[in-house]
Structures are given as C-alpha cells and as structure tokens.
Amino acid sequence: MAPILYDYCKMPMDDICKEDRDKCCKLAVGILGLLVIVLLGVPLIFFIIKANSEACQDGLRAVMECHNVTYLLQQELAEAQRGFRDAEAQAVTCNQTVMDLMASLDAEKAQGRKKVEELEGEITTLNHKLQDASAEVERLRRENQVLNVRIADTNSASSQDSSCAAEPPLLILLLGLGALLL
C-alpha cells in the first residue's frame with residue numbers, strides 16, 4: 001500500500017471558508033463591477049459614435065433650424081395678432097364715430113325739419129297777411145273809386161281839381177298798405 005499523504009491544516013475549517021468567502025465576494029463584486037462597466041460602456045461608446053455621426057449632426061442642425069424658424073414664426077404671429085387687435089380697436093372706434101355722426105345727422109335733420117315747419121308756418125301766415133292786405137287794397141281802391149265818382153259829380157266843372165282830389169286818397173292807401181306789411 002502506498003502511503004497516503006494527508007495535509008494537515010493548522011487553521012480551523014471555519015476560518016478557511018471565511019477567508020475564501022471574502023475573496024470570493026470581492027472577486028464576484030469585481031467581476032460584477034467590470035461586467036456593469038462593460039455593459040454600460042459598450043452602449044455608451046456606440047451612442048457616442050452614433051451621436052457624432054454626420055447624419056446625427058445634420059439632424060441636430062435641422063432641429064436647431066426648425067426651432068429658429070418656429071421662434072421667428074411665433075414672433076411674426078404675435079406681431080400679426082397685435083396688429084389685428086389694433087385694427088379691431090380702430091374699427092370699434094370708427095364704428096362708434098360713425099354712430100355718433102349718424103346720431104348727430106339725425107338730430108340736425110330733425111332740427112332742419114322743425115325749422116322748415118316753422119318757416120312754412122311763417123310763409124302761410126305771411127300769405128294770409130298778403131291776401132288780407134290785397135283784399136284791403138282792393139276794398140280801399142273801390143272806396144277810392146266811389147269817392148272819386150262822388151267828387152267828380154260834385155266838382156264836374158273842374159277836371160284838374162278831381163285829379164288832385166284823387167291823389168291824396170291814393171297816398172293814404174299806400175301808407176296804410178306799408179303799415180300793414182310791417
């Protein structure tokens with residue numbers, strides 16, 4: 001029989017296992033950390049390569065240009081809206097002015113109609129006065145003719161005297177007519 005070689009360990013078994021466990025844990029944590037670094041590093045490197053690619057840079061420039069254009073369009077829209085609000089306010093002011101002018105025109109028309117009615121009333125009154133004066137003139141003319149005939153009958157000898165006698169009533173008639181018209 002062959003001799004059997006037994007290694008005798010001077011440390012207790014619990015201590016050996018404990019040491020191995022600590023080393024094992026440290027190794028596992030190291031491997032796990034390395035694995036995490038590799039797993040995160042590879043996609044990160046891939047992302048960096050893709051992010052720095054020309055297509056990605058073109059896309060980024062296009063996005064920035066779109067943002068700039070959008071900003072400019074928003075400013076133009078805001079300016080157009082301000083212009084629209086200003087025009088709307090001006091239209092309201094103009095409409096109010098038109099309404100005020102129409103009301104003023106209606107008031108002037110009403111006042112003009114009232115004045116026309118007053119003038120028509122005055123014309124009617126003056127026409128009546130004129131008719132009355134004409135009737136008075138006609139009446140005075142007839143009276144004058146009657147007086148002339150009487151005077152002519154009394155003074156048939158002198159025709160010159162009758163014409164002189166007819167002039168004073170005519171003068172009185174004209175003075176009376178002038179007083180009536182005033």
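**Figure 1. Model confidence across the helices of the predicted protein model.** Among the elements of this predicted model, helix α2 (residues 54-154) has the highest mean pLDDT, 91. The lowest mean pLDDT, 59, belongs to helix α3 (residues 159-181). Averaged over the protein, pLDDT is 80, and 74% of the residues score at least 70. Over residues 159-166 the pLDDT stays under 50; for this segment the model has three contacts beyond four places in sequence. Where pLDDT is low, the predicted coordinates should not be read in detail.

**Figure 2. Overall architecture and surface of the protein.** The protein contains three helices and zero strands, arranged along the sequence in the pattern α-α-α. Of its 182 residues, 3% count as buried. The accessible surface of the protein amounts to about 16,300 Å², and carbon and sulfur atoms contribute 65% of that area.

**Figure 3. The annotated segment, residues 27-49.** An unreviewed UniProt entry carries the annotation "transmembrane region" for residues 27-49. In the model, this stretch is 100% helix and 0% strand. The C-alpha atoms at its two ends lie 32 Å apart.

**Figure 4. A nonpolar surface patch that includes Leu35.** Leu32, Leu35, Val36, Leu39 and Leu40 together form a nonpolar patch on the surface. The accessible area of these residues together is about 490 Å². Leu35, one of the patch residues, is located in helix α1 (residues 13-51). With a relative accessible area of 44%, Leu35 is partly exposed; this value exceeds the 30% that patch membership requires.

**Figure 5. Glu138 and its two arginine partners in helix α2.** Five salt bridges are counted in the model. In one of the bridges involving Glu138, its side chain meets that of Arg141, with an N to O distance of 3.5 Å. Glu138 and Arg141 are three residues apart in helix α2, and therefore about one helical turn separates them. The side chain of Glu138 also meets that of Arg142 in a salt bridge, here with an N to O distance of 4.0 Å. Glu138 and Arg142 are four residues apart in helix α2, again a separation of about one helical turn. Glu138 is partly exposed, at 32% relative accessibility. Arg141 likewise counts as partly exposed, at 42% relative accessibility.

**Figure 6. The Glu143–Arg139 salt bridge and the network around Arg139.** The side chains of Glu143 and Arg139 form a salt bridge with an N to O distance of 2.3 Å. Both residues belong to helix α2, where they lie four residues apart, about one turn of the helix. Glu143 has a relative accessible area of 39% and is partly exposed. For Arg139 the relative accessible area is 35%, so this residue too is partly exposed. Through salt bridges that share partners, Glu136, Arg139 and Glu143 are joined into one network.

Notes:
Residues are numbered from 1 along each chain as its sequence is written. Side-chain values use heavy atoms; hydrogens and water are left out. Buried means under 20% relative accessible area, exposed over 50%, partly exposed in between (1.4 Å probe, protein chains only). Accessible areas come from the Shrake-Rupley method with a 1.4 Å probe; for residues, only the protein chains shown count as cover. UniProt positions are given in the numbering used here, feature names are shortened, and annotations may be inferred rather than shown by experiment. pLDDT is the predictor's confidence in each residue, from 0 to 100. Contact means heavy atoms within 4.5 Å. Patches are made of residues with over 30% relative accessible area and no salt bridge: like charges are joined within 9 Å, nonpolar side chains (Val, Leu, Ile, Met, Phe, Trp, Tyr) within 5 Å.
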